[in-house]
Number of protein chains: 2
Amino acid sequence: MSPVEGDAAAAGSASRRRPGPRRSLDRTKVLDAAVGLLDEGGPEALSIRAVAGRLGVNPNAVYTYVASRSALEREIVERVFAESELELLTGPAPRWRSRLVSYTRSLRSVLLRHPAVAGLLMTAPMDGPSAVLIGERVLGALRDAGLAPDDAARGTYALIVQVVGFVALEVAETDGRPPLAPEAERIAARRAALEFLDPADWPLSAATRDVAAGWISTDQFDWSVERLLDGLVQRAG
Amino acid sequence: MSPVEGDAAAAGSASRRRPGPRRSLDRTKVLDAAVGLLDEGGPEALSIRAVAGRLGVNPNAVYTYVASRSALEREIVERVFAESELELLTGPAPRWRSRLVSYTRSLRSVLLRHPAVAGLLMTAPMDGPSAVLIGERVLGALRDAGLAPDDAARGTYALIVQVVGFVALEVAETDGRPPLAPEAERIAARRAALEFLDPADWPLSAATRDVAAGWISTDQFDWSVERLLDGLVQRAG
DNA sequence: ACCTGAACACCGTTCAAGT
DNA sequence: ACCTGAACACCGTTCAAGT
């Protein structure tokens with residue numbers, strides 16, 4: 001990539017210079033392969049054996065770099081979190097709301113570009129470095145909104161739950177294979193599926209079919225975030 | 001179970017009375033077996049083959065009653081939703097808030113008693129009859145709160161996302177085998193895991209470690225629901 | 001209609017061995 | 001240290017056959 005080969009090569013030349021089989025893999029290649037599989041084939045395309053196959057090694061070679069399938073899945077989520085535009089969260093204090101709104105939109109967009117990864121969102125704790133950094137920045141924005149530290153911390157989690165929960169349920173209605181159908185198409189399919197709602201049995205739901213069809217929409221996403229923010233700031237002094 | 005054998009036997013005697021192998025299974029037994037496996041052995045205990053084994057039949061016999069493993073998972077969630085105390089959602093209009101708060105608490109409790117089922121919450125659309133009925137009743141409570149129909153419909157989904165998202169992330173931090181460790185214990189484990197937060201790197205997060213440890217707590221759950229409700233009613237006339 | 005029997009094409013993970 | 005080779009104990013699902 002660059003004239004000098006970077007950290008790994010530098011460290012290697014200094015400490016270890018044995019003939020050996022000369023490593024054919026590294027952690028990055030394993031993760032690239034895993035995300036590539038999910039992005040091309042959807043949720044079912046991911047397996048340790050498929051990752052190994054894509055890298056041209058035996059299945060068990062993967063275990064040199066990841067402890068287990070579930071550890072691999074956690075790192076995949078972490079890597080996609082790292083793609084979100086964190087810089088949207090920083091800015092002048094009075095603009096705390098637009099910072100949060102634009103960042104949550106950005107995070108949703110990133111996840112919708114990797115729908116099969118989004119399907120892994122709620123299956124393991126989000127405790128990687130990117131998740132921690134996102135938390136720190138959201139916390140900062142809510143402090144800028146005037147919330148006391150403890151309320152800002154609680155609000156941070158409520159917002160994260162709303163955002164990742166929304167996206168997880170949104171992709172759960174798809175096959176997880178990118179690119180997803182356009183939003184309008186997905187809403188229309190939901191609208192058709194809600195045709196069954198009989199006003200005699202579920203009057204309120206039947207009367208708001210069109211809104212429920214849009215539960216996966218960008219409008220509903222933004223609206224939910226805004227309402228939650230309204231509730232959070234209401235109790236700021 | 002009772003002197004007369006119930007619906008199935010009655011229907012059977014009237015319409016079909018052929019010798020045959022006399023069915024050894026039905027849909028209910030399959031679902032009972034599946035939930036039983038999850039409740040005893042956690043998420044990994046569920047497989048089509050294990051369900052068959054528990055019922056003493058061949059693996060493929062299960063396919064007479066469920067179309068696929070993922071269809072089975074959807075029905076498992078539906079069945080656990082049906083265990084929630086829907087009657088908590090009905091009552092006098094002015095008590096809309098306490099109806100919503102007590103129902104969401106009840107739903108969380110039910111799900112935490114079936115943690116491996118809770119792990120399936122975000123992997124498929126919740127479109128079963130119980131989910132529809134829950135939606136109808138939540139919608140009613142939000143109408144009682146004074147929200148316009150469309151806002152009530154949007155609010156219903158925001159609330160569902162918050163509740164199921166919260167529980168899914170909560171159980172994702174456990175092994176999914178019931179009974180879960182007591183909440184205080186799970187919070188203490190989180191507190192210990194957050195010890196690494198260096199104030200130099202993440203000052204705001206480090207300062208609110210104790211709150212973040214309690215992100216899986218009943219207090220945080222209630223607080224999140226209340227703040228969202230605050231945001232929802234703020235725009236009611 | 002509902003089950004058995006047998007097979008297909010996979011899994012994650014572990015262990016021993018090579019270099 | 002990092003890979004190969006081989007195996008263990010599983011999967012979901014399909015098809016043909018029995019009754």
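The exercises below, each with a worked solution, deal with a predicted model.

**Exercise 1. Chain symmetry**

Work out what relation links chain B to chain A, and which C-alpha of chain B is nearest the axis.

Solution.
- Step 1. Two copies of a chain are related by a rotation about an axis and a shift along it.
- Step 2. For chain B laid on chain A, the turn is 180 degrees and the shift along the axis is 0.0 Å, with an RMSD of 0.0 Å.
- Step 3. This is therefore the relation of a two-fold axis.
- Step 4. The C-alpha of B:Gly231 is the nearest one to the axis in chain B, at 1.9 Å.
- Step 5. Of the interface residues of chain B, 100% are also interface residues in chain A, so the copies meet through the same surface.

**Exercise 2. The surface near DNA strand D**

Describe the residues that surround DNA strand D and find the polar side-chain atoms close to its phosphate oxygens and base nitrogen.

Solution.
- Step 1. DNA strand D is surrounded by 17 residues, and the closest are A:Arg23, A:Asn58, A:Asn60, B:Arg49 and B:Tyr63.
- Step 2. Among the atoms of DNA strand D that come within 4 Å of the protein, 53% belong to sugar and phosphate.
- Step 3. Sorted by class, the surface near the strand has 7 polar, 6 nonpolar and 4 charged residues.
- Step 4. Two phosphate contacts can be listed. An N or O atom in the side chain of B:Tyr63 is 2.7 Å from a phosphate oxygen of DNA strand D. For A:Tyr65, a polar side-chain atom lies 3.1 Å from a phosphate oxygen of this strand.
- Step 5. A base is also approached: a polar side-chain atom of B:Asn60 lies 3.3 Å from a base nitrogen of DNA strand D.

**Exercise 3. Cavity and pocket**

State how many cavities of 30 Å³ or more are found, then describe the linings of the largest cavity and the largest pocket.

Solution.
- Step 1. The search of the whole structure gives 1 cavity of 30 Å³ or more. The largest cavity holds about 50 Å³ of space.
- Step 2. Residues of both chains line the largest cavity, including A:Met122, A:Ala168, B:Leu121 and B:Ala168. Its lining divides into 6 nonpolar, 4 polar and no charged residues.
- Step 3. The largest pocket holds about 1,500 Å³ of space. It is lined by 47 residues, and those closest to its centre are A:Thr123, B:Glu73, B:Gly119, B:Leu120 and B:Thr123.
- Step 4. Elements giving two or more residues to the pocket lining are α4 (69-81), α6 (115-118) and α8 (149-172) of chain A, and α4 (69-81), α6 (115-118) and α8 (149-172) of chain B.
- Step 5. By class, the pocket lining has 24 nonpolar, 10 polar and 13 charged residues.

Key: Residues are numbered from 1 along each chain as its sequence is written. Chains are lettered from A and ligands numbered from 1 in the order in which they are written. This is a predicted model: local features need pLDDT of at least 70, side-chain atom pairs count only at pLDDT 80 or more; totals for chains, interfaces and linings use all residues. Side-chain values use heavy atoms; hydrogens and water are left out. Copies are superposed by least squares on the C-alpha atoms of residues with pLDDT of at least 70 in both. Contact means heavy atoms within 4.5 Å. A residue is near a molecule or strand if one of its heavy atoms lies within 4 Å of it. A polar contact is a pair of N or O atoms within 3.5 Å; within protein, one must be able to donate a hydrogen and the other to accept it, and residues adjacent in sequence count only if both atoms are side-chain atoms. Ala, Val, Leu, Ile, Met, Phe, Trp, Tyr, Cys and Pro count as nonpolar, Asp, Glu, Lys and Arg as charged, and the others, Gly among them, as polar. On a 1 Å grid over the protein atoms alone, a cavity is a set of points where a 1.4 Å probe fits but cannot get out, and a pocket is an open set with protein on both sides within 12 Å along at least five of seven lines; lining residues have an atom within 4 Å of a point. Grid points are joined across faces, edges and corners, and a volume is the space filled by probe spheres set on the points. Helices (H or I, at least four residues) and strands (E, at least two) are DSSP runs, numbered from the N terminus.
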